[in-house]
Amino acid sequence: MRRRVITSVLLLVGTLALSACKVELATSVNVADNGSGTITVTAVADDEAVRLAPELGESLNLEDLRLAGWNVEVQNPAPGGGLSVVAQRPFANVDEAGFFLAQISGEDGPFRGLVVTRSGGVNDATYSFAGSGGLLKGLAGFADSDALAVLGSAPFEEAVARSGLPLNETLAVSMRVTLPGNVVATDGVIAPRADDDVATTFSWDVPVDGTAIDLAASTRDRDFAAMVASVAARILLVLLILLAAGTVLYAATVVHRRKQSTPAS
């Protein structure tokens with residue numbers, strides 16, 4: 001299952017290579033302030049690829065993804081023409097995020113070691129995303145070892161060679177991550193955001209030429225109003241305790257004085 005998500009949606013790479021068309025593979029991770037969120041993998045083939053292979057949409061076998069809990073949608077034709085495959089999966093916390101991210105790509109695929117972490121408290125938390133990206137073995141990264149043993153070469157390698165085009169002109173791979181809070185550090189591109197935005201989005205163009213890049217981003221999410229309210233509540237609690245203690249002490253003092261001032265009978 002580790003390779004099935006991206007491998008399944010990229011069965012249409014064969015068609016794009018033969019027809020010199022374009023396929024875009026986009027993965028996005030959206031994290032909420034409680035550590036939950038969604039992972040979305042989208043593959044889009046342009047209308048020329050679908051015109052040359054009209055059976056492409058019907059040939060995709062995505063049932064195993066659905067059985068594994070992924071919500072899969074195929075649009076043929078897509079709103080802008082062509083064909084799109086979208087696989088989406090929610091996660092309840094950052095540990096689940098790491099588990100499901102491991103399902104989208106094997107060790108030779110475009111993504112490796114993807115993790116999401118959250119540390120801190122309710123009103124002051126730090127979020128991090130880390131991993132690496134790049135097709136170190138080219139299109140072979142989209143097949144498992146058993147498939148390579150049968151095929152004897154990388155999937156569609158001969159078709160790419162016949163097209164005469166470099167892989168980066170027929171395949172685009174990207175990663176997009178949204179984390180709560182403001183930027184602490186990143187090696188990605190930071191998307192513009194409005195002043196009232198409560199999250200930051202980072203993106204990377206992943207190389208397909210055999211090289212790799214680091215994917216790293218971190219944010220800090222501080223709710224100053226809640227922090228001030230929390231401090232104020234603690235101060236108020238202390239004052240109430242002191243007031244109660246002072247009241248008890250004052251009452252005890254009054255009782256003591258009255259006992260001393262009362263003549264013995």
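Visitor: Which residues is phenylalanine 129 in contact with, leaving aside its neighbours within four places in sequence?

Guide: In this predicted model, phenylalanine 129 is in contact with Leu101, Leu114, Val115, Val116, Met175, Val177, Leu179, Trp204, Leu215, Ala216 and Ala217. A contact here requires heavy atoms within 4.5 Å.

Visitor: How do you know whether phenylalanine 129 is buried or exposed?

Guide: The relative accessible area of phenylalanine 129 is 1%. Buried means under 20%, so phenylalanine 129 is buried.

Visitor: What makes a set of residues a nonpolar core, and which residues have the most contacts inside the largest one?

Guide: The members must be buried residues of certain nonpolar kinds, joined through side-chain atoms within 4.5 Å. The largest such core has 39 residues, and those with the most contacts inside it are Leu101, Phe111, Leu114, Phe129, Met175, Leu179 and Trp204. Strand E7, residues 171-180, gives the largest share of this core, with 5 residues. In soluble globular proteins, nonpolar side chains tend to be buried together.

Visitor: How many aromatic pairs are there, and why is the pair of phenylalanine 99 and phenylalanine 100 described as it is?

Guide: The count comes to 2 aromatic pairs. The ring centres of phenylalanine 99 and phenylalanine 100 are 5.4 Å apart, with the planes at 70 degrees. Centres within 6.5 Å make a pair, and planes over 60 degrees apart count as edge-to-face; therefore this pair is edge-to-face.

Visitor: How do you know which of these two rings belongs to a buried residue and which to an exposed one?

Guide: Phenylalanine 99 has 54% relative accessibility and counts as exposed, because exposed means over 50%. Phenylalanine 100 has a relative accessible area of 7% and is buried, as that value falls under 20%.

Visitor: What is the arrangement of phenylalanine 129 and tryptophan 204 called?

Guide: These two residues form a tilted aromatic pair, 5.9 Å centre to centre and with 35 degrees between the planes. Planes under 30 degrees apart would count as stacked and those over 60 as edge-to-face, so the rest are tilted. The pair links distant parts of the chain, since phenylalanine 129 is in strand E6 and tryptophan 204 in strand E10 (residues 199-206), 75 residues apart. Tryptophan 204 is buried as well, with a relative accessible area of 5%.

Visitor: What is the strand order of the open sheet, and why do some strands stand at the edges?

Guide: The sheet has 4 strands in the order E5-E6-E11-E8, with antiparallel pairing. E5 and strand E8 (182-186) each have a single partner strand, so one side of each is left without a neighbour in the sheet. The twist averages 15 degrees from one strand to the next.

Visitor: How do you know that E6 pairs with strands of this sheet?

Guide: Two strands pair if at least two bridges are found between them. Strands E5 (residues 111-120) and E6 (residues 124-133) pair in the antiparallel sense over 8 bridges, and these two strands form a hairpin with 3 residues between them. E6 and E11 also pair in the antiparallel sense, over 10 bridges. Alanine 130 is the bridge partner of valine 115, and alanine 130 also stands opposite alanine 216 in E11. Glycine 133 stands opposite isoleucine 213 in E11.

Visitor: Where does helix H6 lie?

Guide: Helix H6, residues 94-101, lies across E5 and E6 and runs at about 175 degrees to E5. Proline 110 lies in the loop between H6 and E5. With a relative accessible area of 1%, proline 110 is buried.

Visitor: How do you know whether serine 218 is buried or exposed?

Guide: Serine 218, in strand E11 (residues 213-222), has 12% relative accessibility and counts as buried, because the limit is under 20%. Among the residues in contact with serine 218 are Tyr127, Leu179 and Phe202.

Visitor: What makes threonine 178 buried or exposed?

Guide: Threonine 178 is in strand E7. Its relative accessibility is 14%, so threonine 178 counts as buried, the limit being under 20%. Leaving aside its neighbours within four places in sequence, threonine 178 is in contact with Val29, Asn30, Val31, Ala199, Thr200 and Thr201.

Key: Residues are numbered from 1 along each chain as its sequence is written. This is a predicted model: local features need pLDDT of at least 70, side-chain atom pairs count only at pLDDT 80 or more; totals for chains, interfaces and linings use all residues. Side-chain values use heavy atoms; hydrogens and water are left out. Buried means under 20% relative accessible area, exposed over 50%, partly exposed in between (1.4 Å probe, protein chains only). Rings of Phe, Tyr and Trp (its six-membered ring) pair if their centres lie within 6.5 Å; planes under 30 degrees apart count as stacked, over 60 as edge-to-face and the rest as tilted. Axes are lines fitted to C-alpha atoms, for helices over the stretch in contact, and angles run from 0 to 180 degrees between N-to-C directions.
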